[in-house]
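Reader: I am new to this structure, and I would like to understand how its descriptive terms are justified. Could we look at it together?

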Amino acid sequence: PKWNNIGANVTPEILLSIIEIIKNRFEAEELGPGTIIGSAAYKLLIICALCIVSINAPETRRIKLYNVFLVTSFFGLFAYIWLFIVLSLISKDVVDLWEATITFLMFPLVVILAYLGEKKFFASKEIDMEEEERKLILAPPELDETGTQRGFRKEELLRFLRDLDQSTNLSLEDKAQLFAVNLSESMPRSRMQYRIQGARMLTGGKSLFLNLPDRLQEIYQRAVKSQPFGRAISTDHEDGGRKRTSTFNIDENPHMAILEFASSSYAVLNGEQRVTVEVTRHGFIDSIIRFRLDTIDGTATVGEDYEKLSEEFKMESGQQEKKITIHVIDDNQWEPDETFFVKLSLPEGEEKHAKVSSKTIALVTIINDDEPGFIQFEESITIVKESVGKAEIKVARVNGADGRVTVHYRTKDIDARARKDYQPADSELVFEHGEISKIIAIPIINDMETEKDESFVVELYNPTGGTQIGKHAKTVVTMINDDDYKTMANKMASLVQVDIDKLSVAKTTWGQQFHEAMNVKGGDLETAKFSHYVGHSLSFCWKVLFAFVPPTSIAGGWLTFFVSLFFIVILTAIVGDVAAILGCLIGLKDSITAISFVALGTSLPDTFGSMIAAKNSKTADDAIGSIIVSNSFNVFLGLGIPWLIAAVYWESQNLPFTVKADDLTFSVLVFSICCVLGMIVLIFRRFLGIFGKAELGGPTIPKYICSIFFVLLWIGYLTLTGLQAYGYIKW
C-alpha cells in the first residue's frame, strides 16, 4: 500500500501508550503519555539542532511545502495545549468521553488539512517550474527485454561511459556500479526511506544508498562528480523552430475532449517580436471548449522581455487547433538567450467536457539576434553505430543570430582512420541571418569486420562575420560495432538495474530476508566498517526474528503490514516493561524514565533518518517537517485512542476515567514554551539573511548558535520537569 508522507507516522510511542492502558486494566499510567511528550521534545529540539549543523556551510535547506509545515506546526503546538486544557481546566484529573472523542477526531482533521495544504488548496496556484521543466526534457521510460520499466535509458549509460576517464582500467561491473551510484543520487526518496536507513545504520543492516568501495571512491570523485550528469533528452522532430511530439492519450469517455500543446518547446528570434503557440484538441471535437493560457517567468521577465498573457480562449465545435500569439519585446540590446513558460489549464466547470494531456507546459526560448552569437557543438560526445551510414552532428548558434556568419569544420583521427573508417571532411558552414542550427553529416564506412570502438574528432575553426567559437569547439565521434553495441549496452543495463534493485526496501523471498539479516550490511562486506560489525552483533537476534515477517511480494504487501504491526506491538510491550524495570532499579520515577531513556530510544531511528535526509535531500521537509507532523499525531493517536478506549469502558461502568495530571501537565507546559521558542527560531532562520534564509544549514557561526540554543532548551526541559517530579518545584 502507498501512504502519503504526512500520514505515515505510526510510531512506537503510540503503541506503547495503547498497550499500557490495556495492560493496566484501562487505568492511566505515566510511562506512555510521558514518552509521547518526551519524544516530542527530543525530536523538535535535539533533532532540529543536529540537522541544522549537519549541513556544510554555506549550504542551506529550506522547507518546500511550507503550507503543510504551518498547518502541522499549529496543530503540533495546539495538541499539547489541548492536553493541558483537558487535564487542568475543563475537568481536572478526569477525561470525559466527549474529550477523548474530540482528541481522537483531531487526527483525521490534521491529515485532511495537511493534505489540502500540500495540494496548495489554501493558496494561489503556484507551479513548480523546476519539476515542470524536468518533465519537458525527460524522455519516455525505456523497457528492458522482459518488458520491465528501467529507471534510465541506454543512451544515458553510453554517454556516461564516454565521460569516464579512459585511462582508468575498470571492469564492466565497476563502470555499472559508478553509473548506478550517480543515478541513485538523483532519485527522489521518501521520509520513510530515510528513517529505514537510519535504523539500518544503527544495526549494521543493508544500506538503501549505494556505497562504493575505496578503490572506486577516488575515480568517482574525479571522473564523475566533476562532470555534469544529465538525463537524456528525448529526440523530437523539429518543425518551424519548435519540437513537436505526437503522443497523447484519449480518455475512455468518447465525449471527452483532450487538450495539449502541439509542442513542448518553442523558439523565437528577439527581432520577430512575436511567437505563436498552438493548442491542439484530440478525442471528441464536436463541442465548444474553453481553456486558458498563463505565462510564467523563467529567465525572461514579463514586461521587459515579453508581454504577459493570462486569459481564456475558445475552441469552436469541430476546431482541432488554436494558435495564440504572444508578443516579445525587442529592446535592441544584447542579452543571452532567455526562457519563459506558458501554462495550459481548464477554467472552472470545463472538467466535465475536457481534460488536459501531459503537455500542459510549453517552454519558449527568446533567441537574441542583436549580436552574431557563438557557434558550438551541442554535445561534446557523439556515439554512433558503425552501420549508421552517416554521423549527424548538430551545430548550434547561441546568444545571438544577427547577420550572415560562417565557420569551418574539419575531422581529425584519434584511433579511427580517415577513408578507412569514415570519410574525412574539411568544409564550411553558413548561418544566414536568424538561423540557429546546422547539421554536419560525416559518412561512416562499415567494413563488416569485428573491431573495437574507434573514434575521431570534429572541430570548428575560423569563424567569420563577428561570431566566435563557443565552449564546445570539438566533439568526439565514437563508432561502436553493432553487435558489441547491443551486447555491451544490454549487459551494462542489466548490471546497473541489479545495483538499482538493491536499493529497494521490498524483498521477493524469505531467503533474501534471512540472507540480509544474517550478514553485515546485507552481505556488502567490501564497504562494511567496524561500526557496522558492532551494530550487527548487538542486533543480530532481532534482525533474524524480524526476517520471519512475510515478504512484500505476498498479498500485495498487506500481510507484511499486519504481521509487522504484530511484531512491533510485542517489541513495544517488551520495551515498556524493560523501561519500567530500569527506572525502578536506578530509582527514577516513571515520568522521568519516559521523557528521557524511553523517548531517546524510540527516537533514535528518527534522529539518524533526519540527519541523512538533511544531507541528501534538496529540501528540509523530510528532515524536520515530518517531526512536527509526528508530534501532533502522537497526541491525537497516542492519547486519543487509549483515552477513547478507557473512557468508553469506564462510561459503561458509570465511573469517571481518571488521569493524574500533575507531572503530565507541568511537562506539557514546559514543552509548549520550548516549542514556541523553537518555532520562532525556525521562522527567523527562514526569513533572515544572517541565517541563510533557510531552516537548516547556513553560515557556520549562526547555525551553531541556533543548534546550541535548541540543545539548551532540551536540557532546560528535562531539568525543570525532573525538579517538579521530585517536589523541588511546587505545581
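**Terms set against values**

Author: The side chain of Arg 61 comes to 3.0 Å from the backbone oxygen of Ala 614. This is a predicted model, in which local features need pLDDT of at least 70 and side-chain atom pairs count only at pLDDT 80 or more, while totals for chains, interfaces and linings use all residues. Residues are numbered from 1 along each chain as its sequence is written, and side-chain values use heavy atoms, with hydrogens and water left out.

Reader: What makes the approach of the Arg 61 side chain to the backbone oxygen of Ser 617 a polar contact?

Author: A polar contact is a pair of N or O atoms within 3.5 Å, where within protein one must be able to donate a hydrogen and the other to accept it, and residues adjacent in sequence count only if both atoms are side-chain atoms. The Arg 61 side chain reaches that oxygen of Ser 617 at 2.7 Å, so the distance falls within 3.5 Å.

Reader: Why is Arg 61 called buried?

Author: Buried means under 20% relative accessible area, exposed over 50%, and partly exposed in between (1.4 Å probe, protein chains only). Arg 61 has a relative accessible area of 10%, and is therefore buried.

Reader: How do you know that Ile 683 is partly exposed?

Author: Its relative accessibility is 36%, which lies between those two limits, so Ile 683 counts as partly exposed. Ile 683 is also one of the residues that make a nonpolar surface patch of about 1100 Å².

Notes: Patch = residues over 30% accessible without salt bridge, like charges linked within 9 Å, V, L, I, M, F, W, Y side chains within 5 Å. Areas by Shrake-Rupley, 256 points an atom, 1.4 Å probe, with all protein chains shown as cover. Salt bridge = Lys/Arg side-chain N within 4 Å of Asp/Glu carboxyl O.
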